[in-house]
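Visitor: I am new to this one and would love a close look at a single part: the space enclosed inside. Could you show me around?

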Amino acid sequence: MGITITAFHRSPDQGRGLARDMQVRWALEELELPYDVRYVPIPDLKQPDHLALQPFGQIPVFEEDGLVLFESGAIVLHLAERHPGLLPEDPHARARAKMWAVAALSTVEPPIIELQNATLLERGRSWQQERLPLVKEQVRARLMPLAARLADRKWLEPGFSAGDLLLVSVLRRLGCTDLLDGMPALAAYIARGEARPAFQRAFADQLAAYREHCE
């Protein structure tokens, strides 16, 4: 069996490449691996068939030769371990690339998701205006060390890796904020990631699927 991943039938991100199947699509495109996509309507995420594959009722799910994985970071690292192209050959550099992949999802992303929740889900709440500045400061505290790291580097390590793929994916969530203002190194880093042909193919596929399912 070949590779199949799941994605939203009609993505809440409206084709902006922020749904988490995008990270897996991008990795598959970087590695030039063929794959199929099974589109799941949002109500079906809580049905037994899907929960048997993803117990939290989320996307994406990765299936290949009887192996079923969920969590986009785990899927990306699995692919990077099995196929050359997303992890360096040098053992130390390889370990650092994995470190950055974990940092992207466990250190950098949580305050960004909290900011999204505070901005969108808590709109109109009495505490929102007091909370937003605090959450923004938490995000800036994560961005500043990254900006320093990338001030004189093209990528986190000498070559593009799974760590960059996941970190760029996380930082793209700040596109509708002003938090990257004054951080040209991070803006340029995101732009380099988005300019990669593999990203462009993955983004185009996700956008085309969204438009098709909205017709």
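Visitor: How do the residues of the lining of the largest cavity divide into nonpolar, polar and charged?

Guide: Happy to help! This is a predicted model, where local features need pLDDT of at least 70, side-chain atom pairs count only at pLDDT 80 or more, and totals for chains, interfaces and linings use all residues. Numbering runs from 1 along each chain as its sequence is written, and side-chain values use heavy atoms, with hydrogens and water left out.

The lining you ask about has four nonpolar, three polar and two charged residues (Ala, Val, Leu, Ile, Met, Phe, Trp, Tyr, Cys and Pro are nonpolar; Asp, Glu, Lys and Arg charged; the others, Gly among them, polar). Its members are Gly17, Leu18, Ala19, Met22 and Gln23, together with Ser169, Arg172, Arg173 and Phe199. They surround a volume of about 60 Å³.

A cavity is a set of points on a 1 Å grid over the protein atoms alone where a 1.4 Å probe fits but cannot get out, and lining residues have an atom within 4 Å of a point. Points join across faces, edges and corners, and a volume is the space filled by probe spheres set on them.

There are two cavities of 30 Å³ or more. The second largest holds about 50 Å³, and Ala19 turns up in its lining too, alongside Ala7, Phe8, Ser11, Asp21, Arg25, Tyr39, Gln206, Ala209 and Tyr210. Strand E1 (3-8), helix H1 (21-30) and helix H8 (197-214) each give two or more residues there, with H8 giving the most, three. That lining divides into six nonpolar, two polar and two charged residues. Helices (H or I, at least four residues) and strands (E, at least two) are DSSP runs numbered from the N terminus.

Technical notes:
1 Å grid on protein atoms, 1.4 Å probe; cavity = no way out; pocket = protein on both sides within 12 Å on 5 of 7 lines; lining within 4 Å.
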